[in-house]
Amino acid sequence: MASNKTCFLKQKTQTGNAFASIAVSFLVTTPLVLSTALTSAQADEGHTHTDETEYFVGLDTLQVLTSGTYAGLENPNYNRLTFLYAHREENPTTNHFHGIGAYSYSGSKDSPTITSTNTNNRIPEPYTQQSPLTLLPGTGVFSGRLVSTPTNEEYSNLKTQPVLSLKNSTESEDQYLFNSSNRRWQGSLQGATTGLQLVSISDGLNVTDKSGSNLFNSVGDIYTVGSSDNFYFNPTFWTNATAPLGTYSATFKLIDNGTTNNRTALGESGTFSFDFKVEKVPEPTTTIGLGVLGVVALSLSRQRKRIGNERMN
């Protein structure tokens with residue numbers, strides 16, 4: 001994987017600017033204005049997470065592992081569907097994917113065990129120590145519910161497309177992402193019918209399409225995401241507005257159901273999970289205090305992310 005060191009530089013600058021903004025706002029503005037400033041301060045400088053595809057489905061074409069503890073061994077994730085998160089950096093030449101829940105090894109190199117997931121198998125990614133994604137009040141068909149919503153919070157835009165959807169992009173940052181990791185994730189899904197299988201889900205959490213129709217009736221169900229290398233998938237997760245406070249999670253894996261004309265299906269992916277939280281909405285009088293603490297927490301979280309990325313790479 002390419003290095004994520006640029007993330008920290010971008011976040012350090014942004015956090016410094018956020019503190020300066022807070023100092024001024026605290027002295028001369030109302031809580032409402034300060035709350036807006038804090039929301040802006042938490043956006044990643046240079047891009048937002050509300051308008052870009054963050055998640056992709058790829059096919060792992062790496063046959064032999066080339067780095068790490070198990071270098072030289074056959075890749076247990078080879079020729080498998082893989083759920084990927086796109087890291088788009090301030091320096092786009094370092095854009096890259098992280099495999100979320102890919103098949104991996106555990107144990108000693110002399111006697112390894114193949115595991116149907118990896119340690120980086122949750123969203124938000126565990127190494128970042130980012131808290132679960134916040135479920136927010138919904139509108140329209142989601143009125144009276146708390147729903148997953150694209151915000152400037154990293155990982156919040158759940159739009160998912162195949163890696164090859166980047167192939168003809170005219171954006172240079174997309175091409176750097178597409179060609180990252182020595183083109184490891186460019187295997188074609190031609191002929192595949194990609195399905196998302198529900199492995200487990202917290203009580204009270206639901207998964208629907210944009211119209212509010214449930215995608216799964218029970219654990220084990222498979223929802224067809226799309227065919228070949230041309231699909232677009234954007235699920236919505238929700239709970240009732242009165243749901244108990246806490247963390248809600250759903251675990252999935254990708255399945256290829258395209259076996260027409262005796263076609264051999266691609267290997268299924270490892271398991272991966274999404275974590276969401278239901279939290280109490282703060283009172284208006286506490287907005288300033290919580291906002292200041294939030295930016296402090298943001299700074300610490302991003303520093304931990306930088307350290308974690310350096311360890312992963």
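# Rings, charges and strands

User: What is the relative accessible area of Glu173?
Analyst: Glu173 counts as partly exposed. That label covers everything between buried (under 20% relative accessible area) and exposed (over 50%), with a 1.4 Å probe and protein chains only. For Glu173 the relative accessible area comes to 32%.

User: What sort of model is this?
Analyst: Residues are numbered from 1 along each chain as its sequence is written, and side-chain values use heavy atoms, leaving out hydrogens and water. Local features need pLDDT of at least 70, side-chain atom pairs count only at pLDDT 80 or more, and totals for chains, interfaces and linings use all residues; what you have here is a predicted model.

User: Which residue meets Arg88 in a salt bridge?
Analyst: For a salt bridge you need a side-chain nitrogen of Lys or Arg within 4 Å of a carboxyl oxygen of Asp or Glu. Arg88 is buried, because its relative accessible area is 9%. Its side chain has a partner at 3.5 Å, N to O, and that partner is Glu173.

User: How many residues apart are Arg88 and Glu173?
Analyst: Helices (DSSP runs of H or I, at least four residues) and strands (runs of E, at least two) are numbered from the N terminus. The salt bridge between Arg88 and Glu173 links distant parts of the chain: Arg88 is in the loop between β2 and β3 (96-99), while Glu173 is in helix α3 (residues 172-178). Along the chain the two are 85 residues apart.

User: Which loops does the salt bridge of Asp60 and Arg184 tie together?
Analyst: The side chains of Asp60 and Arg184 meet at 2.8 Å, N to O. The two residues are 124 residues apart in sequence, so the pair ties together separate parts: the loop between β1 and β2, with Asp60, and, with Arg184, the loop between α4 and β11 (193-201).

User: Is Asp60 buried or exposed?
Analyst: Its partner Arg184 has 23% relative accessibility and therefore counts as partly exposed. Asp60 has a relative accessible area of 0%, so it is buried.

User: Which residue does Glu268 form a salt bridge with?
Analyst: The closest N and O atoms of this pair are 3.1 Å apart. Glu268 lies in the loop between β15 (246-256) and β16 and its partner in strand β15, so parts 15 residues apart in sequence are tied together. Glu268 is partly exposed at 27%, whereas the partner is buried at 19%. That partner is Lys253.

User: How many salt bridges does the structure hold?
Analyst: You've just met a few of them, including the one between Glu268 and Lys253. The total for the structure is 7.

User: What kind of pair do the rings of Tyr55 and Phe83 make?
Analyst: Rings of Phe, Tyr and Trp (its six-membered ring) pair if their centres lie within 6.5 Å; planes under 30 degrees apart are stacked, over 60 edge-to-face, and the rest tilted. By this rule there are 17 aromatic pairs. For Tyr55 and Phe83 the centres are 5.4 Å apart and the planes at 10 degrees, so the pair is stacked.

User: How many residues separate Tyr55 from Phe83?
Analyst: Tyr55 is in strand β1 (residues 55-59) and Phe83 in strand β2 (residues 81-87). Both are buried, at 0% for Tyr55 and 5% for Phe83. In sequence they are 28 residues apart.

User: What is the angle between the planes of Phe83 and Phe274?
Analyst: Phe83 lies in strand β2 and Phe274 in strand β16 (residues 272-278), so their pair ties together parts 191 residues apart in sequence. Phe274 is buried too, because its relative accessibility is 7%. The Phe83 and Phe274 rings are edge-to-face, 5.8 Å centre to centre, with their planes at 65 degrees.

User: Which strands are the edges of the open sheet?
Analyst: Two strands pair if DSSP finds at least two bridges between them. Here 4 strands form an open sheet in the order β8-β9-β14-β12, with antiparallel pairing. Two strands each pair on one side only, and these edges are β8 (136-137) and β12 (206-208).

User: Which residue in β9 does Leu136 stand opposite?
Analyst: Strand β9 (residues 145-147) runs antiparallel to β8, and 2 bridges join them. Across from Leu136 stands Val147.
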